[in-house]
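Q: Please take a close look at one helix of this model and at what surrounds it. I would like a connected account, with other parts brought in afterwards for context.

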Amino acid sequence: MLAEAGRILLAGVHGLDTTSREEFIACAKALAGKCDVLVVAGGDGSLSDIINAVDTKERPIAFIPLGSGNAMGHALNLRGSIAEVAMRIKEGRIREFDLIQCDERRLAFMASIGLEGAVIKQRDAYKAKGASGFVAYLAAFLTVYFIRYQGVAARIHADGEIIETHSLLSLMITKQPYYGYGLKVMPGAKLDDRRLHVRVLHTGWVASLVGGASSLTLGNRAGLYRSGERVSVALERPLLMQADGDVAWGAKEFHFKVLPSVLRLKA
């Protein structure tokens, strides 16, 4: 599947024999010192792993989206076949993008606290039982949203402004417009605008329905939107954070800040 991309980019294909995230990251680190541009083929999680493992200011990367959600594939407009994406990389230029620093523990291009972390945890459980793609995600969303999830009280600081809620559904912090499957949850976000884009969603099925429907068209307008350079949140009880489509960790407090121009990516 990747052989044609390798021929277009005059590059070898490596890492297909890795059997764990740790092996994949180790392979990428070893290759980073031997190439001009490190091309990552995989989903949002694979791209995120490399962003956190390789200093992209020293070694630029490129991305061939192969996942099911492909939020960054949509954000970078990487449409078409693998060969077409490879040709775009070959003819493209290196651009500088921002990233989110999450609790000084991880870099991300999208993160959220609340509903999505619980949904992804449930999705992974369904995938372990054989479900796949959007079907697993939708089943997980319906299970968590209608059966398990309860809103929590939260105090959010966004560049000095204080936002309080007693029924937080989700706190989204992104650098690009999309979640997976083409859902445009943050239509004003840009990868290179030196801002965090924040949306606070409250519990309530009407608002969620409106937000979900608009995400598939013009872009989500539900909830309270803010932008800034730093965001922090204190919760009444621990919630899970998702980062780039994977469950990261759970806590009662989270802190985020924008890191301008730290991601060098060819596209």
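A: **Helix α6 and its surroundings**

The 14 residues of helix α6 (residues 115–128), at 1.5 Å a residue, should span 20 Å, and this agrees with the end C-alpha atoms, which are 20 Å apart. The model is a predicted one, and the account below should be read with that in mind.

The buried residues of α6 are Leu 115, Glu 116, Gly 117, Val 119, Ile 120, Gln 122 and Arg 123. The elements against which these buried residues pack are β5 (110–114), α7 (133–148), β7 (161–174), β10 and β11 (246–266). Just after α6, Gly 130 adopts a positive phi of about 115 degrees.

The packing against α7 can be followed through one residue. Val 144 is found in helix α7, and because its relative accessibility is 3%, under the 20% limit, Val 144 counts as buried. Although Val 144 and Val 119 are separated by 25 residues in sequence, their C-alpha atoms lie 6.0 Å apart in space. When neighbours within four places in sequence are left aside, Val 144 is in contact with Leu 115, Ala 118, Val 119, Gln 122 and Tyr 149. Among these partners, Leu 115, Val 119 and Gln 122 also appear in the list of buried residues of α6.

Strand β10, another of the elements that the buried residues of α6 pack against, can be examined through Ser 232, which lies in this strand (residues 230–243). Ser 232 has a relative accessible area of 17%, and since the limit for burial is under 20%, Ser 232 is buried. With its neighbours within four places in sequence left aside, Ser 232 is in contact with Arg 155, Ile 156, His 157, Phe 254 and His 255.

For context, a further pair of helices may be described. Helix α2 (residues 21–32) and helix α3 (residues 44–53) pack with their axes 10 Å apart and at an angle of about 55 degrees. Because of that angle, α2 is oblique to α3, and the crossing in which α2 passes α3 is right-handed. On the α2 side the contact involves Arg 21, Phe 24, Ile 25, Ala 28 and Lys 29, which meet Ser 46, Asp 49, Ile 50 and Ala 53 in α3. The residues of this contact of α2 with α3 comprise five nonpolar, one polar and three charged.

How values were computed: Residues numbered from 1 in each chain as written. Predicted model: local features only at pLDDT ≥ 70, side-chain atom pairs only at ≥ 80, totals over all residues. Heavy atoms only, no water. Helix = DSSP H or I, 4+ residues; strand = E, 2+ residues; numbered from the N terminus. Buried < 20%, exposed > 50% of the residue type's maximum accessible area, 1.4 Å probe, protein only. Contact = heavy atoms within 4.5 Å. Axes fitted to C-alpha atoms, helices over the stretch in contact; angles between N-to-C directions. Parallel < 35°, antiparallel > 145°, perpendicular 65-115°, else oblique. Left-handed = near helix turned anticlockwise from the far one by under 90°. Nonpolar A, V, L, I, M, F, W, Y, C, P; charged D, E, K, R; others polar. Expected span 1.5 Å × (residues − 1).
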